[in-house]
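User: I would like to learn how to read an interface between chains and the packing behind it. Could we work through one case together?

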Amino acid sequence: MNKHEFSVIGQPLPKIDAWAKVTGETRYADDLVLPRMAHARLLRSPHAHARIAAIDTSRAAALPGVYAVITGADLPPVKFGILPVSQDEEALCREKVRMVGDAVAAVAALDEETAERACELVEVTYEPLPALMSIEESLAHPEVRIHEYGDGPNVHKSVALQFGDVEAAFAAADLVREDVFFYEGNTHLPLEQHAAVAHWGPDDKLTLWSSTQTPHYVHRLLAKILAVPAAHVRVIAAPVGGGFGGKLDPFAHEIAACQLSRLCGRPVKIALTREEVFYVHRGRHPVLMWLKTGFTRAGDITGSHLRTWLDGGAYGSYGVASTFYTGAINPVTYKMPVYKFEGARIFTNKPPCGPKRGHGTPQPRFALECQIDRAAEQLGLDPADLRRRIVAEPYTKTANHLTVTTIGLGECLDRVVEASGWREKWRGWNAPPRGRGPVRRGVGIACSSYMTGAGSAVYWNNMPHSGVVLRADRGGGVAILCGATDIGQGSDSILAYLPAEVLGIDPKDVRVHPADTDLTPVDLGSYSSRVTLMCGVAAIQAATRLREVLFQAVAAKLEVDPSRLVARDRKVGVPDDWDRALTFAQAVELGEAMHGVLAFAGSYAPPKRAGKYKGGGVGPSPCYSYSACVVELSVDEDTGMVELHDVWLAHDVGRALNPLLVEGQVEGSVYMGIGEALMEEQVFRKHVHKTPSMLEYKSPTTLETPAIHTILVETDDPEGPFGAKEAGQGPLLPVMPAIANAIYDAVGVRIDEVPITSEKVLRALDLKRQGKPARVGPEKLPLFTFKTPLVVESAFGQPADAITRRPFA
Amino acid sequence: MMRLPPFLYVSPRTVAEAAKAVAEAGPGGMLVAGGTDLYPNMKRRQFEPTTLVGLAAVRELRGVRGSAREGVTLGATTILSAVATHPDLLRHYPALATAAGLVSSPQLRNMGTLGGNVCVDTRCNYYNQPYPWRKAVGFCMKKDGDICLVAPGSRRCWAVSSSDTAPVLWSLGARVRLVSASGERTIPIDALFRDDGIEYLAKRPDEILTEIVLPPAEGWASTYLKLRRRGSFDFPELGVAVALRLEDATVAQARIVLGAVASQPRPATKAARALVGQRLTPDVIAHVADLAAGPARPLDNTDFTHPYRKKMTRVFVARALGRLAGLERAGRDEEELA
Amino acid sequence: MNRGPDEPMKARIELTVNGERREALVPVHKTLLEVLREDLDLTGTKHGCELGECGTCTVLVDGEPVLSCLALPAELEGREILTVEGLAQGGRLHPLQRAFAELGAAQCGYCTPGILLVARALLEATPVPTREQVRVALAGNICRCTGYTKILDAVELAALRMAGRTPVATAAAGSAR
């Protein structure tokens, strides 16, 4: 279908929830007020690692205004975790705390201040244990165990996969590079602090409104954790004030609020402070990386070997997936015929890491793109041309058995090169400096790819990943019920646009009812860039089913063949006899008279393409997005300060269902990438988070954010709804390496770790002035033996698995 | 939500009433003007006053009067955005307008006052943290504890003077008027500060800083440079205030005062002295910048590493002098050569 | 329930909010943010840190942006407070609201009320600001979703429309309410 044939798709429409958001009407979780509502707070551990000897809540319970005080003893003794393989969390710790910020008690009271004061009256006796605050410490102290499970003492997960013979690949290369990189941890920092309201009703049924990206998983886990039938638990995702992956786990505050409500017979609200949000975390893993890649003289990659060490923090969370993701996506971008990956996630006594925008892939992307830049220099190649040459082949398999469909990376590269003026601005390796005084200008380039939705759910099942129920009203309106959660990305709007396109009505005629486990079919959640594709395809299916029935009914009325009918402009009729077309509302009435109630379901599950090896379930996706990025910046050689001027980012989104929303995702991704590249870091000192505040955790303001030039490339992917692929995460990935590469272009220093602070740039410049290698980055690797790799044949270059063959289609 | 602890609130209308109120409130009393420093500190339980004496309704404390020729008097509760945009200040005391305009964010400058910024609590990233954090790491001597976490052997507190305007006012030779129920005094601003992270003000708690008096500006040039990671929100991690009186392109008088390198603004006296009688050539500037970096003794208790802050002192002093000499390039908007 | 002897000092405050006189009996230590949200049911004002470090809770007092998390209602009697709920007049959206909706300047929407109010103050003082002026005015508001780009675009669009230099309506306007 060509663009001009669409009426809704491709239009820069406002989001359907925009009007509520600009008037203050949107009710986020903390805006909800229920009659008799109590307010809760959590007491959190001041110790990074300690045994809990005793908890005395009597003084807290005696405080006037306190309704209920609970500890772990007041909850069923079950451990939980988002992944079935990592059931290691407790809402309120019973025997042991593993990080500063672990919750140990909760209070419900008549107001938040009273709950807070009562928490201070809870007396916890701790027996401190040695705190392990780094990968090195955790590996060096096997006698101190943070958890009893895993792939070794304090080793949560260790994986090793080999696809083809990397040693042979290196032997065949003209240039083999080995480089070491470090990517510091950082956090999502949504502006909305997590909040929830729980209501355990007199009917012994539970309703939880929460700021969550995944009401379905919370629903499942609440039933397990609270030992109640899932049928009696209802989870409603309130509009989410920013997620970025930070609201994807079931959290202590949600569970505590439910139990407190059960005990005190009132609705209970709980809202985290900003400090607590830093402890809840589940953000970007700090990852140390060793990368060895072979190149031919022309720039082709002969093979690549990646090792990653992830600092996981105190709990599993999504960490097993994160570990695999550090190895899964690099082969999707370029022709990489042979590949080996070894990764390990280590427990430490810090807030657990998990999925943040780009989940597990920005770190190895940084390593690969910085290494390619160096290889290009050694080979005397233009880094844009080198990348252009090695772009992966569409409709093939990667070395690690991922099927890729459309690839718009070549066009992305061409477009950013042209838009940025790369051919003029990049003047070759070792060109004389540009700029005046101590300020030098430079440009850098990098590419990336990202999946459009995870191919597997977090728990094994054969059911749809996304479902839509669509009901047509006699007034001509359409209601959409779908479990998808709008976290600002616009999923509610997509759920209006797509049925409107199919049915020929205005998006305003569609009312979207999202994310309520009582009412809406399951959507797994807003993660892995899955929502537009998965709920989009399901919505199209449901709308198409309605359209078929309407066409039957209208065809009978007009005495034409249904195949001649079209739906557009809120009418259904025959194009060359449009005067007789019926209104959409009339069509609905006829349809309902013929078929009964017009309610239709749509279902989506991704094609089953998991690689036939253990670990092959992480990485497959219906399709992959591609991005290319050029950054232009200045570096002040006296201060090491970096000033960004422009970022050009071309993104292969398959099709822009609404270009405004896609641009918004690109711009937001670039912004978040800039923060990660230059200033954001979640670091610890004396066992505590060094900077748990909006002031000291540095998020760029308008003044640090450069002009962002977005270029959308459309490849019309057969797997996506109307050809669309993801846009919410992929565009973040190339930003950090493009910045690092531009800094090298400007002042000739390599900063092999993020954030690239002015201190590090200045240190590298000092080394350069001293005639030493002008590099700042990690100097050593942990002593850790990876297990023997699972050796699998490389699937590189094989034809793709069957396209659009998916369940429920 | 972070909330304030309870307190009694008194809202006097005149300085005299305010002085009386703060005297009556006793040791549990505190003054508050804009609240932009005190309220966050109270929410973190760094201060738990029983009585707050609010200065918002004391009209006589607001406003700017005088002229560059005879000197300018600024009411202590004049908000920072008014200082930053005042035409006479921009023209004759540009360093002060610049410094006021670089404090935190636009919204905060609409609330925060000049007096409040002069008296802003010293900062330390072991101290400006929420109560549960401080409990987890172990309380420090500035609040609730008895050790210094940044310099564990130390018997004093090393929290950092984090005012943008104080080093500028010091470099301009400002005086401050202090009023209490028992009388009033006017002192040079350098006598207002002490080099101690806890007792960083020589002002008695019952004294109200009512006015800041600037000497005549004629013949003086001034500038202020601020080091921080972001162009907004962030406190100074280094401030460089320079005021010079030039006679025929030769420095007749000079003051260089560094902010955020100690518990009080730190004058670079030796460096300033070395400027007198000199023309602002690149060689002189480089020499003076080296001298100025001497008094900077940053510790590891703010953003940026302390060796970096020390290093930047030299660079920033050189740039401030270069700017006053007309040598400094504009930077951001500069056309590139290549 | 009796709070006991440490009952905090309460004050009857009268505020002018969005042009309406509002009264409340509140503890004096409650900030304007808390009173707006918890006592006056104006939950359009959001909060991201409560320490003056993010700009999310910005409201206008006498037309100037201030941080409601650091303002005491006791100090604001007699002054005009404007929150996001007061931006639209008689059911007509403010041009800034329209532009923000049409251009996708609100993603999660959580920082949006504060940003709208800062932008309104800017346009009152500087009807057609340069992009740099918009950037500087909004330097006290963190947004984690948008990269600020569409926010700057929307402020510029609203400014042009308000100045009568209306650019061709965006395609989005057709679907606007």
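Analyst: Let us begin with charged pairs, keeping in mind that this is a predicted model. Across the interface of chain C and chain A, the rule finds six salt bridges. One of them joins Arg144(C) to Glu680(A), with the closest N and O atoms 2.7 Å apart.

User: Which helices of chain C each supply at least two residues of the side that touches chain A?

Analyst: Helix H2 (95-103), helix H3 (112-125), helix H4 (131-137) and helix H5 (149-162) of chain C each do so, and H2(C) gives the most, with six residues. By class, this side of chain C has 23 nonpolar, 16 polar and 13 charged residues.

User: How is the size of an interface often given?

Analyst: The size is often given as the accessible area lost when the parts come together. Here chain C and chain A bury about 4,700 Å² between them, with 55% of that area on carbon and sulfur atoms. The contact draws 52 residues from chain C and 61 residues from chain A, and 33 residue pairs across the interface are found in polar contact.

User: Which residues have the most contacts inside the largest nonpolar core?

Analyst: They are Leu222(A), Leu409(A), Ile739(A) and Phe100(C), in a core of 204 residues. Helix H18 (residues 735-747) of chain A provides the largest share of this core, 10 residues. Leaving aside residues up to four places away in sequence, Ile739(A) touches Val631(A), Leu633(A), Leu644(A), Ile674(A), Ala677(A) and Leu678(A). Another core, of 75 residues, lies apart from the largest one and has Phe7(B), Tyr9(B), Val176(B) and Val61(C) among its members.

Conventions:
Residues are numbered from 1 along each chain as its sequence is written. Chains are lettered from A and ligands numbered from 1 in the order in which they are written. This is a predicted model: local features need pLDDT of at least 70, side-chain atom pairs count only at pLDDT 80 or more; totals for chains, interfaces and linings use all residues. Side-chain values use heavy atoms; hydrogens and water are left out. Contact means heavy atoms within 4.5 Å. Buried area is the accessible area (1.4 Å probe) that two parts lose on being put together, summed over both. A salt bridge is a side-chain nitrogen of Lys or Arg within 4 Å of a carboxyl oxygen of Asp or Glu. A polar contact is a pair of N or O atoms within 3.5 Å; within protein, one must be able to donate a hydrogen and the other to accept it, and residues adjacent in sequence count only if both atoms are side-chain atoms. Helices (H or I, at least four residues) and strands (E, at least two) are DSSP runs, numbered from the N terminus. Ala, Val, Leu, Ile, Met, Phe, Trp, Tyr, Cys and Pro count as nonpolar, Asp, Glu, Lys and Arg as charged, and the others, Gly among them, as polar. A nonpolar core is a set of buried Ala, Val, Leu, Ile, Met, Phe, Trp, Tyr and Cys residues joined through side-chain atoms within 4.5 Å. Buried means under 20% relative accessible area, exposed over 50%, partly exposed in between (1.4 Å probe, protein chains only).
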